[in-house]
Amino acid sequence: MVDSGSDASGSQKQGESLIEDIRSISEIKKITEAIESQVGSYVVGWEGITKSLIIALLTGGHVLLEGVPGTAKTYLAKLFSDSLSLTFKRIQSTPDLMPADITGSHIFNPKSMEFEFRPGPIFANVVLMDEINRAPPKTQAALLECMQETQVTVDGITSRLQQPFMVIATKNPIEFAGTYQMPVAQLDRFMSRLIMNYPPRGAWVEVLKRKNDRGEVVNVKPLVKASALISARELIQEKVKVSDDILDQITELVRSTRKLPQAVLGASATAAVSLLMASKGYAATVGGRDYVIRDDVKAVVFDTLNHRLMLRQEGPSTPSEEYGLVRVRGIIEQTVNAVTS
Amino acid sequence: MLNSSLMRLPSRVKTMADLLSELTLLFKPLSIYLLGGLTATLIAEAVTFKINPFKKKQLQGPLAKYDMKIMRIIESIKKVAVTAGFKYKSASTTREMVSYLSAKFPEQQKALTPILTSIESHIYGGSPLTNNDFSNYSRWLTVAPMLQVVKSRVKV
């Protein structure tokens, strides 16, 4: 179900100091901080998540937000999108959602007596796929081409999607009724899976304070134009250097996950590319640097690999999601330590 | 000298047709000088390359290609950080050690930040090192042993 959408042209009128072009890496860092600060004034405790969303947007990645209900996943995704002067569409996943509900379809126009293509919600810069695991695998598969190749094929006709293009999906790991397991190929399309569990006590108090003071009023201004984001993406691609040592480290890190005795399935070559791109994005947006260091790889490795490792069952017969995550975190840490030694 | 040597050779030898023998006999009077030269060369070789006490320690592993001074400063940062209580692991990075030291010795942050930037930009960004970088390293290397002493006093 397509819920709502916002148009870039409308947003541009509101934002008077919209950034149209980005020419240096240091500017990328400044923009990141500005977006993070704006989103952070409404959502408490998720600064790292906002940063990861920006990294994915600027490196051509997609993000899966996973967490228990009521942790502001959808709200955060909407605020993030509103901070950018981009078109935004939201798809509420349901078990009866069909691929054509996402991609669009040809509809007969009785006036012109012709079939006309009516674009689906995928034709936007930022697409929020809410509760993605409620959509059947067939419908989830409709996203594969869009996420991998930034294009969509309907009735044999291929159309390019808008740039920049990004899918933000949300998933609730607790509920199983009326949900489907996400296919491995689908999971692999996401650059990172960001875990949003309950924030610490201090953040809760702050959330209540802000709600009490401000109520439901949200006044988010778009800060950056699509053209600036495209320039930033090109800058990161072209200017951020990656030494051979770092390339070796990434390769070895990903390859070693396939040799783990605990793993049924290790990380793929796509994972290595995602890790490389996320590291470049981290270097530019957080470090303001035009080169990648080992710390950048370490900073993004968990988010990039955690959904790509399929582990053998151990310990409790019905392991909780949290237990599974703790285990994955431990294994990834061990792998990092082994590779960098 | 050459002519006089030839003059002193027996007539039987003088008529020898073998070139090598002729040359051997020719240089025989100079053998002492040749031996001396050879010995001096061998001693010089031995002193320079084999038993040189000032010879720089060769680096091993993937960092071998980097400047020796960079390696000295990284080693020094590591020593001070470990003495200050940093739990060093093989995956620990220079940035982590510098962050730890900056928190432990806030007055050192100003000196450590440009050092870290120059190390990282040289190793990962391929930037050449400048004289300013080297003077920053030298300054830190004079301070580093004192920081280790400070920590050991605290321990006692």
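1. In this predicted model, H5 and H7 of chain B cross with left-handed geometry. H5(B) covers residues 68–83 and H7(B) residues 109–123. Their axes lie 11 Å apart, at an angle of about 130°. The two helices are therefore oblique to each other, since the angle lies neither over 145 nor between 65 and 115 degrees.

2. The residues behind that crossing are easy to list. H5(B) contributes B:Ile70, B:Ile73 and B:Ile74. From H7(B) come B:Ile115, B:Ile119 and B:His122. By class, this contact has five nonpolar residues, one polar residue and no charged ones. An α-helix has 3.6 residues a turn, so residues three or four places apart point the same way. Look at the contact positions on each helix with that spacing in mind.

3. H7(B) also deserves a check on length. Its 15 residues should span 21 Å at 1.5 Å a residue, and the end C-alpha atoms are 21 Å apart, so expectation and model agree. Which residues of H7(B) are buried? They are B:Leu112, B:Ile115, B:Leu116, B:Ser118, B:Ile119, B:Glu120 and B:Ile123. Two of the contact residues named above, B:Ile115 and B:Ile119, appear in that buried set. A polar residue, B:Ser118, and a charged one, B:Glu120, are in it as well.

4. Now chain B as a whole. Its secondary structure comes to eight helices and zero strands. From the N terminus on, the order reads α-α-α-α-α-α-α-α. The chain has 156 residues, of which 14% count as buried. Take its contacts between residues at least 6 apart in sequence: 44% of them join residues at least 24 apart.

5. Where the chains meet, 11 residues of chain B are in contact with 14 residues of chain A. The chain B side of this interface has three nonpolar, five polar and three charged residues.

6. Chain A has a helix pair to compare by eye. H11(A), residues 269–285, and H12(A), residues 294–305, have axes that come within 9 Å and cross at roughly 135°. That angle makes them oblique to each other, because oblique takes in angles above 115 and up to 145 degrees. The crossing of H11(A) with H12(A) is right-handed.

7. Which residues make the contact between H11(A) and H12(A)? On H11(A) they are A:Ala271, A:Ser274, A:Leu275, A:Ala278, A:Ser279, A:Tyr282 and A:Ala283. On H12(A) they are A:Asp296, A:Val297, A:Ala299, A:Val300, A:Val301, A:Thr304 and A:Leu305. The classes are ten nonpolar, three polar and one charged.

8. Is H11(A) enclosed or open? 13 of its 17 residues are buried, so the rest of the structure largely encloses this helix. Its length also checks out: 17 residues at 1.5 Å each should span 24 Å, and the end C-alpha atoms are 24 Å apart, which agrees.

9. One loop residue in chain A is worth a look. A:Gln262 sits between helix H10 (244–257) and strand E13 (263–265). Is A:Gln262 buried or exposed? Neither fully: it is partly exposed, because 16 other C-beta atoms lie within 10 Å, and burial needs 20 or more. Beyond its neighbours within four places in sequence, A:Gln262 is in contact with A:Leu311, A:Arg312 and A:Ile331. A:Gly178 lies 84 residues from A:Gln262 along the chain, and their C-alpha atoms are separated by 30 Å.

Definitions and conventions:
Residues are numbered from 1 along each chain as its sequence is written. Chains are lettered from A and ligands numbered from 1 in the order in which they are written. This is a predicted model: local features need pLDDT of at least 70, side-chain atom pairs count only at pLDDT 80 or more; totals for chains, interfaces and linings use all residues. Two residues are in contact if their C-beta atoms, placed from the backbone, lie within 7 Å. Axes are lines fitted to C-alpha atoms, for helices over the stretch in contact, and angles run from 0 to 180 degrees between N-to-C directions. Helices (H or I, at least four residues) and strands (E, at least two) are DSSP runs, numbered from the N terminus. Angles under 35 degrees count as roughly parallel, over 145 as roughly antiparallel, 65 to 115 as roughly perpendicular and the rest as oblique. A crossing is left-handed if the near helix is turned anticlockwise from the far one by less than a right angle, and right-handed if clockwise. The expected span of a helix is 1.5 Å times one less than its number of residues. A residue is buried if 20 or more other C-beta atoms lie within 10 Å of its own, exposed if 12 or fewer, and partly exposed in between; C-beta atoms are placed from the backbone.
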